[in-house]
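I am opening a notebook on this structure and will write down what I looked up, one topic at a time.

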Amino acid sequence: MDAGYHSYETESTHTAGKVITCKAAVAWGPGQPLVIEDVQVAPPQKMEVRVKILFTSICHTDLSSWKGENEAQRAYPRILGHEAAGIVESVGEGVEDMKIGDHVIPFFQGECGTCICCRSQKTNLCQKFGVNPLKSVMVNDGKTRFSTMDGNPIFHFLNTSTFSQYTVLDSACVVKIDTKAPLEKMSLLSCGVSTGVGAAWNVANVQPGSSVAIFGLGAVGLAVAEGARVRGASKIIGVDINPSKFFKAGKAVGITEFINPKDLDVPVHEKIGAITEGGVDYSFECVGNLEVLREAFLSTHTGWGLTVLLGIHPSPMLLPLHPMELFNGRQIVGSIFGGFKGKTQLPKLAEQCMCGVGKS
C-alpha cells in the first residue's frame, strides 16, 4: 500500500456513512448554462459505491442531453456527465469487488453479471442496469442520492452523473482498474474510446487487410480508426467536413485517406466505391445523422459489407433503408459501448492502453 492510498483511506473514514457537501455542475433546464454550486451527496446504499471524481470529460451525448433535444428524456435539475475516472470513497452493503481507495472507471452500460444478457457472450446488454436515458433515479429505492442544499432532489444521468466532485453509482456501473493506470487518460474509457475501439474489435471484428470507412472523426470516430489500425486494416478512410480533424489527429491513429463531402461533386458512397473496387468491408456511422447513415451503408461492398451504427439519433426516426436493399448482402447493426462488458472487460482494456497495444 503506497502513501497516497493510505492517506485517502484515512480521509475517507471521516466521510463514510455521512452526507458529503461538494461542488457540482447542475443543469436546471434545457440549454440553460450549467451552474457550479454546492450539492449534497448521500452515502451509498446496498450494492452502491460513492466515488470521488478526479477527472471527467465531455461527450456529445452530454451536449445533446443538456440541450434537451429529446423531450421525453428531460429531467431537471440534473447532474450530467458520464466519462470519468476516480477513487472509491465508500461502498454500500454487499459490495465486495471494490474498497476504499480503489481506482475506478464508471460506465453507463452496466453489468449485473446475473441476468440472461450478462450471462450471454453474444451481447453486452444488461436487463437491470443497461443504459436508459429516461432513468433519473437509483434502482434500489427509486430516489436520488443528490440533493440541493435545501433538500430537493437532483436527478441522475446515464447511471453515472460525473459532473460532480462526488457521485453515487450502482456497483454494476463501476469497475476497479490497476492503480498504475493514469486516471487522466482512463476517463475516456468510460465512453468514447471504448465505444470506438470496441466497435472495430467486438462488433465488426475488423480483419487484417480489410478496408474501413469512418463517417465522423470526433472522439468515437478516431477511436474506431485506432481499433481498425490495431486489427491490421489496410485502408482506413475518414469522412468529415472538417479537414483539420484529419491533419491534427487522423493520421496519428492510422487514417490513410480523407474525404471531405464538401469537396465532392458526387455522393460520398460513389467516391468510396471508386477507390475501393466497389466499397469498403466495414463502415462506421459516428455522427447521428440519417443522411450520413445512408451514405455509410451504401459505401460498403455488396455481398458482405457491414455498417456499424454508433451515432446517437434523435427519436422518433426510422432507418433510411428499403428492406429490399438488404437482399444485396449488406448488413447494418447498432453498437452500444463498443460491445464491451464493463465489469469483466474494461480492466483488460485499461491494461492494453497502458501497454500501448498496437503501437507502431
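Before reading any strand partners, I noted what pairing means here: two strands count as paired if DSSP finds at least two bridges between them. I also noted that the model is a predicted one, which I kept in mind for every entry below.

**Entry: the sheet**

I began with strand 7 and strand 8, and found that two bridges join strand 7, residues 146-147, to strand 8 in an antiparallel run. Looking for one facing pair between them, I found Ser147 opposite Pro153, the latter lying in strand 8.

I then asked myself which residue stands opposite Ser147 on the side of strand 2, and the answer was Gln40. Strand 2 and strand 7 run antiparallel and are joined by two bridges.

Going on to strand 1 (residues 20-27) and strand 2 (residues 35-41), I found an antiparallel pair joined by seven bridges. Within that pair I picked out Ala25, whose bridge partner in strand 2 is Ile36.

Putting the strands together, I wrote down an open sheet of five strands, in the order 4-1-2-7-8 and with antiparallel pairing. Strand 4 (78-79) and strand 8 (153-154) are its edge strands, each of them pairing on one side only. As a general reminder to myself, strands of a sheet pair through backbone hydrogen bonds, either parallel or antiparallel.

**Entry: two backbone details in loops**

I looked next at the backbone and found that the peptide bond joining Tyr76 and Pro77 is cis, with omega about -5°. Pro77 itself lies in the loop that runs between helix 2 (60-67) and strand 4.

The second detail is Asn159, whose phi is near 65°, a positive value in a residue other than glycine. I located Asn159 in the loop between strand 8 and strand 9 (166-170).

**Entry: salt bridges**

How many salt bridges does the structure hold? I noted 12 salt bridges, and I chose to follow the one in which the side chains of Asp170 and Lys135 meet, with 3.6 Å from N to O. This pair links distant parts of the chain, since Asp170 is in strand 9 while Lys135 is in the loop between helix 3 (116-119) and strand 7, and the two are 35 residues apart.

**Entry: the two domains**

I finished with the domain assignment of the protein, which gives domain 1 as 20-190 and domain 2 as 192-338. Their contact takes 12 residues from domain 1 and seven residues from domain 2, and the C-alpha centres of the two domains lie 30 Å apart.

Between them, domain 1 and domain 2 bury about 800 Å², with 60% of that area on carbon and sulfur atoms. Sorting by class the side of domain 1 that touches domain 2, I listed six nonpolar, five polar and one charged residues.

What is the count of salt bridges between domain 1 and domain 2? The count is zero, whereas I did find five residue pairs in polar contact between domain 1 and domain 2, with both residues at pLDDT 80 or more.

Note on methods. Residues are numbered from 1 along each chain as its sequence is written. This is a predicted model: local features need pLDDT of at least 70, side-chain atom pairs count only at pLDDT 80 or more; totals for chains, interfaces and linings use all residues. Side-chain values use heavy atoms; hydrogens and water are left out. Domain bounds come from an automatic or database domain assignment. Contact means heavy atoms within 4.5 Å. Buried area is the accessible area (1.4 Å probe) that two parts lose on being put together, summed over both. A salt bridge is a side-chain nitrogen of Lys or Arg within 4 Å of a carboxyl oxygen of Asp or Glu. A polar contact is a pair of N or O atoms within 3.5 Å; within protein, one must be able to donate a hydrogen and the other to accept it, and residues adjacent in sequence count only if both atoms are side-chain atoms. Ala, Val, Leu, Ile, Met, Phe, Trp, Tyr, Cys and Pro count as nonpolar, Asp, Glu, Lys and Arg as charged, and the others, Gly among them, as polar. Helices (H or I, at least four residues) and strands (E, at least two) are DSSP runs, numbered from the N terminus.
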